[in-house]
Every structure is written in C-alpha cells, then in structure tokens.
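The exercises below ask for salt bridges, strand pairing, cysteines and pockets to be worked out from the coordinates. Each task is followed by a solution that goes step by step.

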Amino acid sequence: MNTWDLICFDLDDTLIDYERTFQAAIHHCFTTFFGQQFDFSSWFITFKQCCDRYWNDYACRRLTRTEYRRLRFLETMSVYNRKADHQMADAFQDYFDQVVGRFSVPVGGLIPLLHWLRNRSVPLGVITNGTGRIQREKLYYAGLHPFFSDEAIIISEEVGMKKPDRAIFSYTKQQLAPHCDQPLFIGDSWELDVVGALRANWQAVYFNPRQNAPTTFHQPVAVCNNVNELLVLLREPPDEGKG
C-alpha cells in the first residue's frame, strides 16, 4: 500500500459517471417537457453535439453558464423546428438542476475500490466545483456518501474558492489532514485537477478514460485510463527512486 496520507477525488467523471447521469437526467426532463411529441434519441444526439460545440467557449469564459445552456438548448430546438425561447431554455435547465442528482451513477468498479481504501483507513475526500445541493445529491444517490464524511466533501460554492486555484487544495488539506506530508488528488480534468493539484504541492493522478492529451508539461504521478489501472497504482505506487 502507498504512503499517501490523504486521497481526494474529483466528482464528475471521476467518481460519478457523468455521461450516463447526464443522459438519464436530460431524458427525464425531455419527457417532462415534451412527452412523446418527437423522438428523444435523435434529439439528444443533436443536443450533445451542441454541448460539445460550445463547451470550449464556456470553458474559456467566452460564454457565461447561462449563455452556454441557452445556446445549446435553443440551437437543438431550432434543428427540429420547435419554438423555444430563453424562458423555456431556463426552465428546462432549472428543472435539470433540480433532478440531476437523482440519476447519478458511480463510475464502474469504483465502489469496490473505495471499500478497499476505507478498509485500509486511508483518509478520503472530495474536491469539486459546483453547487452544494446538487453535488451532495449526486454522492448520495450514487451510493457514495458512506465513504466521505460531510466535512470531507469540499464544494466550491460552499467554500468560496474553486479548482484550479491552489487555495481550495490548501484549504482541503488544512481541514482534513493538516499534518499530511503527501496528499494525492485524482481527477479527470488536466487543467482543473492535475495542474491545480500540482501547483498546490499535491501529487496528482490523471484519471483519463477518454484519453485526452495533456495540454501542459506538468508531470502527474500516473495516468490511469480505467478504475483497474487506478487500483493497481494505489496498491503499488511508482518507485520514484527508479530510472
């Protein structure tokens, strides 16, 4: 077993299978708003394309969160010649925020990994950007809440700081393990999770099932493409003295 004194995880796409969660919640919203008026499967493909098309604009702050959500919804509706306006787009997204937590599912194979860590008394935490109620509901409905105490769930809205700022990592360490020498953060975003953690003097694992290429020359402890690779790493961490 490794010598890490504290292991924290990102939430979406690290602990939570957000793609499955997102599609199930959007399907529920679609059915609630539109019933059987038109086919969800094809509508969702278009909607997801719009999400992806404008994501970089949102990530780079060229679009606000509200603008991004309106744009992807309204453009999708226009493809299907359906009348929609900002009020409908906002109502659809507000309802999504109300229900998304109920549809959350964990990443496959993750719960046995968390059991394994807990049985070895490894302190565990979560650092996530987002809204407190929504992120906590995701953990609860995915069955992950038994592994993380309330104070070990660090959410940007609740603490007034967010990844990749080093402040949220420093705050987490101070709250959960102030005398920790070697904290580890595991996450799927290169910029928010890996670079953010390394700049805060944490070690980092890039959890990368989508196999996205790194965008900087920072060096994480490892890149893991699935939960099995992560488990192997945690059982047998790299020997930094080799090579």
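**Exercise 1. Describe the salt bridge between Asp57 and Arg62, and say how exposed each partner is.**

Solution. Asp57 forms a salt bridge with Arg62, and their closest N and O atoms are 2.8 Å apart; the criterion is a side-chain nitrogen of Lys or Arg within 4 Å of a carboxyl oxygen of Asp or Glu. For the second step, buried means under 20% relative accessible area, exposed over 50%, and partly exposed in between, with a 1.4 Å probe and protein chains only. Asp57, at 22% relative accessibility, therefore counts as partly exposed, while Arg62 is exposed, because its relative accessible area is 54%.

The model is a predicted one, in which local features need pLDDT of at least 70 and side-chain atom pairs count only at pLDDT 80 or more, whereas totals for chains, interfaces and linings use all residues. Residues are numbered from 1 along each chain as its sequence is written, and side-chain values use heavy atoms, with hydrogens and water left out.

**Exercise 2. Which parts of the chain does the salt bridge between Asp90 and Arg70 tie together?**

Solution. The side chains of Asp90 and Arg70 meet at 2.7 Å, N to O. Asp90 lies in helix α4 and Arg70 in helix α3, so the pair ties together parts that are 20 residues apart in sequence; helices (H or I, at least four residues) and strands (E, at least two) are DSSP runs, numbered from the N terminus. Asp90 is partly exposed at 25% relative accessibility, and Arg70 is partly exposed with a relative accessible area of 24%. Salt bridges that share partners also join Asp10, Lys163 and Asp193 into one network, and the structure holds 16 salt bridges.

**Exercise 3. Place strand β1 among its neighbours and describe where its side chains point.**

Solution. Strand β1 covers residues 6-9, with Leu6 and Cys8 pointing one way, Ile7 and Phe9 pointing the other way, and all of them buried. Two strands pair if DSSP finds at least two bridges between them. To strand β4 (residues 183-187), β1 is joined by 4 bridges, and the two run parallel; in this pairing, Ile186 is the bridge partner of Phe9. To strand β2 (residues 124-128), β1 is joined by 3 bridges, again running parallel, and Cys8 stands opposite Gly125.

**Exercise 4. Why do Cys180 and Cys224 form no disulfide?**

Solution. A disulfide is a pair of cysteine sulfur atoms within 2.5 Å, and a search of the whole structure finds 0 of them. The closest cysteine sulfur to that of Cys180 is in Cys8, 8.7 Å away, which is too far for a bond. For Cys224 the closest cysteine sulfur is likewise in Cys8, but at 16 Å, too far for a bond. Cys180 counts as buried at 7% relative accessibility, and Cys224 counts as buried at 2%.

**Exercise 5. What lines the largest pocket?**

Solution. A pocket is an open set of points on a 1 Å grid over the protein atoms alone, where a 1.4 Å probe fits, with protein on both sides within 12 Å along at least five of seven lines; lining residues have an atom within 4 Å of a point. The lining of the largest pocket comprises 46 residues, of which Trp55, Tyr58, Ala59, Asn129 and Leu192 lie nearest its centre. Helix α2 gives the most to this lining, with 7 residues.
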